[in-house]
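I opened this entry to record what I looked up, one item at a time. Cores come before the ligand shell, the sheet and a loop.

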Amino acid sequence: MTVNTFRGLVALTLGATVLLAGCERPPVQSTQQGFRGTGMQQVVNPRTVAAQQAALPAVPADTPPAGPDGPKAKDVYQNVKVLGHLPVAEFNRHMNAITQWVSPEQGCNYCHTPNNFADDSVYTKVVARRMIEMTQHLNVDWKAHTGNTGVTCYTCHRGEPVPSNVWYQPLVPKGSKNTFIGNDFGQNKAMANVGLTSLPYDPSSSYLQGADEIRVNGLKALPAARGAGASIQQTEKTYALMMHMSQSLGVNCTFCHNSQSFATWVPKRVTAWHGIRMARDINTTYLEPLTSSFPANRLGPNGDVAKVNCASCHQGVNKPLGGLEMAKLYEGLSGAPKLAALPAPMVDTAGSVLYFGVGSFALAGDQAKGLEQLVSTMSQQPTATVMVSGYHSATGELASNQELAKQRAFAVRDALVAAGIPAARVKLDKPQQTEASLGGEDPAARRVEVKLQ
Ligand code: HEC
Ligand code: HEC
Ligand code: HEC
Ligand code: HEC
């Protein structure tokens, strides 16, 4: 080996080491996202994912819902316009949670005048009231996007009065090309929000506030006329938005696209499509009209209000806060469906199913009548016995719900005994699972099943 070859080898080894130092250390995992052969793979390093999970902010401790009893906030307080339907205890629980989510350091007085909670003179209270309506709208009307994870104030605010991921229209130098400042036509700046590329740095104004077309592909093989199809500007802006979306969700393009045909629709892309319309909707319907409520120091360089983009909620994760389902615990924000009337009791020759109100074990009205046929059958068949099992809905604390299910079963047993059936012929049977597999406050879940044996 000549000295030169040796030097060459050393240089090669060093060079390779330097090059490889830029690579990520294995392992690498890839998860299939779409149909086979479409290359829709999400490539992740489990170590990076674990670090991301660990970096998710701790969610403030939660108190269980206070329950439906007691007077309503609108009857007790003076100036409640949005959350008046909540019982007072539940209203107060919402106020505590909002404080934890938005202004934990500043406390209640971030929005309230001390000693006069009804006063609306602090601007933050006016903004917060509209934010409550916005959050309800996000959970109810945009469920196609927000799903079961849902949205609370914490999704965007994370313990800060001003969320850390918001955007303003940037100041674009409007000078002529020949002046020192020049005119960059809104691009070539290597901005972080478009992945440090030279792409246009403000896709949000066009797509998340305005409704410009997000298109690259034409519908025909060849342009039919000059100027038909997407322009280079439109193409670049589309890619700029795509960079923002990928970054905000911490995913690559193949999370939403079949990269052999970017124009194909696949499920995640459909969810993202709704996300774009949703961001537009809340920016134009809720945030823009609030501009005059904010003090000047909260507005951007062009005097516009702070607005949301994909990162406001997602913050680098494909489902905000790792998909933690917080919103459903806050009726005032998730707009839990108005409580439906109880179904009629189910009566057949093999037994009955009787229904109960929220948090109640009173066998009332029509439901009590659901036992009549059973009582007459049992009187005719002196050896027949019944099995009584109580159930509860999926909302609320499990331990107190199980107690509720038991009390419901007792109420039915007592009604049978009161109707003349000997207690020995009524057996209580605790089901393996007392909780309904149905989500939320479904009236069909709050029931007692009575089976004839
Ligand atoms: C981020 C802003 C914000 C914070 C922080 C906040 N509130 Fe409120 N509060 C509101 C809004 C908005 C309303 C009006 C709700 C409505 O119209 O439905 C309200 C209304 C009230 C009312 C009803 C007053 C009346 O008579 O009309 C009470 C009581 C109240 N809050 C107590 C509290 C307490 C106690 C805290 C601290 C634990 C607190 N709030 C923290 C925004 C806030
Ligand atoms: C989709 C994201 C999002 C959600 C959800 C959200 N906010 Fe906001 N919030 C914003 C943005 C954007 C601003 C404007 C930032 C600023 O103040 O300049 C803002 C501003 C505020 C401000 C004014 C803060 C200040 O100091 O200027 C208050 C108060 C507030 N929000 C309360 C709430 C409450 C209460 C909820 C839940 C009911 C909530 N927000 C939910 C995005 C959100
Ligand atoms: C979170 C999902 C998501 C990610 C990630 C994503 N896209 Fe998209 N992409 C969409 C949606 C949704 C549209 C259509 C928008 C509309 O129609 O309003 C789209 C449109 C496009 C189009 C236009 C297709 C046509 O029909 O003309 C191209 C090209 C494209 N994306 C490329 C990319 C590239 C390159 C990346 C990675 C840097 C990427 N996308 C990342 C969701 C995504
Ligand atoms: C107001 C908050 C909010 C904003 C703003 C938002 N998202 Fe989402 N997004 C959510 C929530 C919540 C979910 C979880 C839904 C669920 O549980 O199924 C979600 C889910 C998604 C998913 C599906 C992820 C998965 O793993 O199934 C995609 C894709 C997505 N969002 C794209 C976007 C894009 C692109 C934008 C910006 C144009 C955006 N989102 C803006 C709240 C938001």
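Which residues have the most contacts inside the largest nonpolar core? I am working from a predicted model. I looked the core up and found 38 residues in it. Those with the most contacts inside it are Trp 101, Cys 153, Ala 279 and Ile 282. I then listed the elements that give two or more residues to this core: α4 (88-102), α5 (123-140), α7 (153-157), α8 (203-209), α9 (232-249), α10 (267-287) and α11 (310-314).

I picked Cys 153 for a closer look. I left aside its neighbours within four places in sequence. Its contacts are then Ile 98, Trp 101, Val 102, Met 131 and Thr 135.

I also noted another core, apart from the one around Cys 153. This other core has 24 residues, among them Leu 354, Leu 374, Tyr 391 and Ala 445.

Next, ligand 3. I counted 23 residues around it. The closest are Met 242, Cys 253, Cys 256, Ala 263 and Ala 272. Which helix supplies the largest share of this shell? It is α9, with seven residues. Both α9 and α10 supply at least two residues each. By class I recorded 16 nonpolar, four polar and three charged residues in the shell.

Then the sheet. I traced five strands in the order β3-β4-β7-β5-β6. The sheet is open and its pairing is mixed. Why do β3 and β6 each have one side without a neighbour in the sheet? β3 (346-348) and β6 (426-428) stand at the edges with a single partner strand each, so one side of each is left free of a neighbour there. I noted an average twist of 15° from one strand to the next.

I checked β5 against β6. The two run parallel and are joined by three bridges. Val 388 has Leu 428 in β6 as its bridge partner.

Two helices pack on this sheet. α14 touches β3, β4 (351-355), β5 and β7 (447-452), and its direction makes about 25° with that of β7. α15 (398-418) touches β4, β5, β6 and β7. I logged about 145° between the directions of α15 and β5.

Last, Thr 383. I found this residue in the loop between α14 (372-380) and β5 (386-390). Is Thr 383 buried or exposed? Thr 383 is exposed, because just 7 other C-beta atoms lie within 10 Å, and exposed means 12 or fewer. I also took its C-alpha to C-alpha distance to Val 194: 78 Å, with the two positions 189 residues apart in sequence numbering.

Conventions. Residues numbered from 1 in each chain as written. Chains lettered and ligands numbered in written order. Predicted model: local features only at pLDDT ≥ 70, side-chain atom pairs only at ≥ 80, totals over all residues. Core = buried A, V, L, I, M, F, W, Y, C linked by C-beta atoms within 7 Å. Buried ≥ 20, exposed ≤ 12 C-beta atoms within 10 Å, placed from the backbone. Helix = DSSP H or I, 4+ residues; strand = E, 2+ residues; numbered from the N terminus. Contact = placed C-beta atoms within 7 Å. Near = placed C-beta within 6 Å. Nonpolar A, V, L, I, M, F, W, Y, C, P; charged D, E, K, R; others polar. Pairing = 2+ DSSP bridges. Axes fitted to C-alpha atoms, helices over the stretch in contact; angles between N-to-C directions.
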